[in-house]
Amino acid sequence: MEAVRIVEDEVRELIRRRGLDPLRQVAEVRRLVEAAVTDYDERALLGAVPPLGRIEAARQVVFDAVAGFGPLQPFLDDPGIEEIWINSPSEIYVARDGESELTSLNLTEQQVRDLVERMLKSSGRRLDLSSPFVDASLPDGSRLHVVIPDVTRVHWAVNIRKFTVRASRLEHLVELGTLSGQAARFLGAAVSSGLNILVSGATQAGKTTMLNCLGSSIGSRERVVTVEEIFELALPLRDVVGLQCRQPNLEGEGEIPLRRLVKEALRMRPDRLIVGEVREAESLDMLIALNSGLPGMCSLHANSAHDAVTKICTLPLLAGPNISASFVLPTVASCIDLVVHCTRLSNGRRQVSEILALGRRVENGVIESGLVFARIEGALQAVAASMPAPEKFARAGFDVATLLEAA
């Protein structure tokens, strides 16, 4: 490892002298690493410096150190790994195909801090005692979350949720076993018809992937504005504008919350509004936008589709004491058409467990609802007793009864 460190130091000095940006000028840095390793290997043959060992492995280690994220880069490059988290420098875990495993990697405290600093460099976000939490996106779209002491007990806690594209269309979810073919056709028609859809589920249940796949059914001429805390959505459409929140600066100013972004999005001539995830009072602004006739989608943490309906009726109350359930309940009933609930099984597989349709009636504080699809003996099957939003399907030229009839 001494030889690798010598080459790494030489490459870093060359990068500094030439004024290269390793994150943006990847090709130039890679050529620099290859030349430096070759030159060092020639010197090692003469006995002037310690031997380097396997040349290709050394090249990759040096390149990862100067242009990637060092020891974590192999995990980021591994397509089978979905998430990486660091509990302490000697406890580094990965989730592979939905199951966690402890790695053999050991770092130092300083290495962890240096890696986090490098990851945050391109995001423009900060991490210090006044702001001990940070959410940021890595250049490849992966999501970074870091918490530092004294919020944590001793060590920095780091989570990297990789952006893995296993599905970008509803047909891909059918191939993965997440959806049935009939449910995929129904949801595709629902999106094309302009139904407002709420995607619910637990953490890592596949909500963002579902939003991306639903978004693929949006018309090619429609303008879509997405609103997120951190950029995660990657819609396969041509006319998309993405907005993300911003942290306050050192003076505590300049923060842009999700509520502000939802309001700004309405000024951008959207044909569709997609909110990555609603957690708090921004749900009120989203409901008001959807109630104005603008089709949209969002995701929400919930244990079931019915719990998601209860939650979307409760979150707007956080906007202020002047917001009451007598306003929120009929607004939700008139806005939200479908709830798609995603679950994650113990073996790591994701699947849609139920699709719920909301009616327009509210009785005794409860919104009328009925299941459209449910899991029966492990298979997602149509169970609708009534037709959800038939007028919207009809305007788009779909016969909802045909979509839901037994295959």
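Let's start with charge: the protein carries 45 positive and 53 negative side chains, and the centres of these two sets lie 4 Å apart. Please keep in mind that this is a predicted model.

**The protein as a whole**

The chain folds into 14 helices and 15 strands. Its C-alpha trace spans about 85 × 50 × 40 Å along the principal axes. Of its 407 residues, 48% count as buried. About 19,800 Å² is exposed by the protein, and 51% of that area is supplied by carbon and sulfur atoms. If you take the contacts between residues at least 6 apart in sequence, 54% of them join residues at least 24 apart.

**A network of salt bridges**

With charges in mind, we can turn to how some of them pair up. The structure holds 27 salt bridges. One network of salt bridges links Asp 135, Arg 143, Glu 229, Glu 232, Glu 277 and Arg 279. Here are three pairs from this part of the protein.

| Salt bridge | Closest N to O distance |
|---|---|
| Arg 143 and Glu 232 | 2.9 Å |
| Asp 135 and Arg 143 | 3.4 Å |
| Arg 279 and Glu 277 | 3.4 Å |

Arg 143 is a good residue to click on, as it forms a salt bridge with Asp 135 and another with Glu 232. The pair of Arg 143 and Glu 232 links distant parts of the chain, with their positions 89 residues apart in sequence. Arg 143 sits in strand β5 (residues 143–147), while Glu 232 belongs to the loop between β8 (224–228) and β9 (240–244). Both of these side-chain partners are buried. Arg 143 counts as buried because its relative accessible area is 12%, and the cut-off for that label is under 20%.

The pair of Glu 277 and Arg 279 has a mixed setting. Glu 277 is buried at 14% relative accessibility, whereas Arg 279, at 35%, counts as partly exposed.

**Where two helices meet**

Next, consider Val 11 and Ala 36. Val 11 has its place in helix α1 (residues 2–18), and Ala 36 lies in helix α2 (residues 26–45). The two are 25 residues apart in sequence, yet their C-alpha atoms are 6.7 Å apart in space. For Ala 36 and Val 26, which are ten residues apart in sequence, the C-alpha to C-alpha separation is 15 Å.

Which residues does Val 11 touch, not counting those up to four places away in sequence? They are Leu 32, Val 33, Ala 36, Val 62 and Val 66. Seen from the other side, Ala 36 is in contact with Val 7 and Val 11, leaving aside its neighbours within four places in sequence. Are these two residues buried or exposed? Val 11 is buried, with a relative accessible area of 0%, and Ala 36 is buried as well, at 8%.

**A nonpolar patch on the surface**

Finally, have a look at the surface. Leu 371, Ile 376 and Val 383 form a nonpolar patch there, and together they have about 190 Å² of accessible area. Leu 371 lies in strand β14 (residues 366–376). This leucine, Leu 371, is partly exposed, with a relative accessible area of 31%.

Technical notes:
Residues numbered from 1 in each chain as written. Predicted model: local features only at pLDDT ≥ 70, side-chain atom pairs only at ≥ 80, totals over all residues. Heavy atoms only, no water. Salt bridge = Lys/Arg side-chain N within 4 Å of Asp/Glu carboxyl O. Buried < 20%, exposed > 50% of the residue type's maximum accessible area, 1.4 Å probe, protein only. Helix = DSSP H or I, 4+ residues; strand = E, 2+ residues; numbered from the N terminus. Patch = residues over 30% accessible without salt bridge, like charges linked within 9 Å, V, L, I, M, F, W, Y side chains within 5 Å. Areas by Shrake-Rupley, 256 points an atom, 1.4 Å probe, with all protein chains shown as cover. Contact = heavy atoms within 4.5 Å. Lys, Arg positive; Asp, Glu negative; His and termini not counted. Charge placed at Lys NZ, Arg CZ, Asp CG, Glu CD.
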